[in-house]
Protein chains: 2
Amino acid sequence: MGPGPSDIAPRVLAALASPTVGHLDPYFLKVMDETQQMLRQVFCTKNPLTLAVSGTGSAGMEACVVNLIEPGDRMIVCVNGVFGGRMADVARRAGADVTVLERPYGEIFSSEEIAAAVKKVQPKVLGIVNAETSTGAYQPVEEIAKIVHDAGGLILVDCVTSLGGMPLEVDGWQLDAVYSGTQKCLACPPGLAPVTFSPRAVEAIDKRKTKVASWYLDMTMVKSYWGQDRAYHHTAPINMNYALHEALRAVLEEGLEARFARHLKNHKALKAGLQALGMEYAVAEGQQLPMLNAVKIPAGCDDAKVRGQLLNQFGIEIGGGLGSMKGKVWRIGLMGETSTERNVLLCLAALERCLSDQGIKVTGGAGVAAANEAYRAAAKA
Amino acid sequence: MGPGPSDIAPRVLAALASPTVGHLDPYFLKVMDETQQMLRQVFCTKNPLTLAVSGTGSAGMEACVVNLIEPGDRMIVCVNGVFGGRMADVARRAGADVTVLERPYGEIFSSEEIAAAVKKVQPKVLGIVNAETSTGAYQPVEEIAKIVHDAGGLILVDCVTSLGGMPLEVDGWQLDAVYSGTQKCLACPPGLAPVTFSPRAVEAIDKRKTKVASWYLDMTMVKSYWGQDRAYHHTAPINMNYALHEALRAVLEEGLEARFARHLKNHKALKAGLQALGMEYAVAEGQQLPMLNAVKIPAGCDDAKVRGQLLNQFGIEIGGGLGSMKGKVWRIGLMGETSTERNVLLCLAALERCLSDQGIKVTGGAGVAAANEAYRAAAKA
């Protein structure tokens, strides 16, 4: 129940452990094709250039940045958490002329401030985080995409935590480069980074005057391996791709709408429970991610002790704060397979115990009762 | 039986499918520590900076290059196959002033020509491939390391195919930056790249004036996660690390000496058999890799048809040629779990059938008989 990796279904672990075949084996090529088709469904896109980068989510971030950016290109990066900050760092290393737009951790950006910055900077690329894993804040990006496009730029979006857990419309919102990770709401082990590039982004890549700084992440070559050429680039992580293939099948069997509803329902119940235990969210109502609940650590509570007790006594991992939120928040994940009624109730029951042990005054059973009440209300609706 | 991925033992697949824990879970930190200790044993080094990069072998190559190279640094890259060529490409993208030293595919470099080039160029780094997976050639590097050090440079070595299958002495030979892959002689699925950096290499990294071009592969940050700080960098591919941990345990249980002897014995038997079938190696005697046997395709033989028949009729994958060897050689791997008497005999028996079907004249049973004879001789010795 941390910020990912989330729990993995037995069927996905079984697929992961299937015998390893060659990276040009006809069977594996079929796995790749089907994975691309399923990724397009989950991303809600028709983008031909949709595939899994052979690294974790941060490799997906780097892949998006280094393919779109050439040295000297202007880029705006919106930073309201650790992952926005990381994107700015990646962009500077890629030689971008970076303008950072900042918001305190836990807040989000308004279209107006983005429009003002875009007008001033006229960036080739604007990078923004749709779901800040470090703060639990949800940033709408549809309107921002319009603003960026009207100024002739491209929008690059971090959807590591949102993909598969809440609505994300790559084509509908006209996003140009999007990356995610496998270990959040897709419920697959970490190791791959799903990415998708719009035709507009592909055109920008095709027009580059310099080679992509990273050989490993160069989409002009990677796409030849995933495409019809099947030109050998690097040896794909075969078994990780088996796992992603099976995880995507599970996502689509459940159905995106049903999956989003499940994530939302469990989020609401957890929230009701946490609030009944006297805890506050670090992000304003209406801007909270359903799959990542960042709550303020009650005054007088020992951060490390509570997390240690949850792990050792109850087998529950929750995340600590990152960056400026270190020591100030806990991050409770309800992602993919982890997003269940069972986990919500267990977490509230265990947290009540830990808080009591820390001398925090809580009404016994209040968290669990409030969550159960929320579930009953949801069932009636 | 291709150039990797090689076969995976059931115990490694079982480890791969173990439940995913968090990347800062005490259990996973223990797995990381033990993996580092075992990697040091397999690399024959005491280098503290020894770990598994979260990508495949080519990510390991890029990690070594981008950490050692700053824009404008002089680098010599020795190219006698696809992977040397790849290293030159990676180095140029990293901004190196690259001098390429060339040899035809299948040949190796003499110390004299390296010494002359080093004297002339005075490189910060010399990159060379110890085991060229594209040609099957073995390049000794110990004397070259001395030459490079005497000129004040660093030696960067590709050991993707050699590690775990034949002697490799990182400390004994004084190699500065070495990368490998998991899917060759370590008999683990592809997805991680073991790397090791000498104190001399670490000093060079510490003295950098510019940030490493790749955020994902920046060892100054990655080592804080693998070291005592445990500072979060990226989410490690948890399950892949379980698999590598178990694969390394298997390597050390067998023992490096015994493992090298097994690879050599099976190589000799396969070679005896292939030669009895009238086939020739693409690399000169004495320079052949035991784990990767590149043989010339007999005149009049259809490359793709034979490989297709081997795969579809007998379940055997062998590799085609790469680069200038495309359509001219087959690459038969005997790596890790794949290096068995069973596979050698089966491959020879099936190949005899395929060659006959292509109208090539072969003496029936000659390949298998010669291999069996080689095994008997080895058993007596």
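1. Chain A is assigned two domains: domain 1 covers 10-253 and domain 2 covers 256-380. This is a predicted model, and the points below should be read with that in mind.

2. The centres of domain 1 and domain 2 of chain A, taken over C-alpha atoms, are separated by 29 Å. The two domains of chain A do touch: 23 residues of domain 1 are in contact with 21 residues of domain 2.

3. On the domain 1 side of that contact in chain A, α4 (82-93) and β6 (137-138) each supply at least two residues. By character, the residues on this side of domain 1 of chain A are twelve nonpolar, ten polar and one charged.

4. Turning to the two chains, a turn of 180 degrees with a shift of 0.0 Å along the axis lays chain A on chain B, with an RMSD of 0.0 Å. The relation is therefore that of a two-fold axis. Both copies use the same surface, since 98% of the contact residues of chain A recur in chain B.

5. Next, the interior. In soluble globular proteins, nonpolar side chains tend to be buried together. Here the largest nonpolar core has 262 residues. Val65(A), Ala91(A), Val65(B) and Ala91(B) are the residues with the most contacts inside that core.

6. What is Ala91(B) in contact with, leaving aside its neighbours within four places in sequence? The partners are Val65(B), Ile69(B), Met75(B), Val77(B), Ala96(B), Val98(B) and Gly127(B). One of these, Val65(B), is itself listed with Ala91(B) among the residues with the most contacts inside the largest core.

Note on methods: Residues are numbered from 1 along each chain as its sequence is written. Chains are lettered from A and ligands numbered from 1 in the order in which they are written. This is a predicted model: local features need pLDDT of at least 70, side-chain atom pairs count only at pLDDT 80 or more; totals for chains, interfaces and linings use all residues. A nonpolar core is a set of buried Ala, Val, Leu, Ile, Met, Phe, Trp, Tyr and Cys residues joined through C-beta atoms within 7 Å. A residue is buried if 20 or more other C-beta atoms lie within 10 Å of its own, exposed if 12 or fewer, and partly exposed in between; C-beta atoms are placed from the backbone. Two residues are in contact if their C-beta atoms, placed from the backbone, lie within 7 Å. Copies are superposed by least squares on the C-alpha atoms of residues with pLDDT of at least 70 in both. Domain bounds come from an automatic or database domain assignment. Helices (H or I, at least four residues) and strands (E, at least two) are DSSP runs, numbered from the N terminus. Ala, Val, Leu, Ile, Met, Phe, Trp, Tyr, Cys and Pro count as nonpolar, Asp, Glu, Lys and Arg as charged, and the others, Gly among them, as polar.
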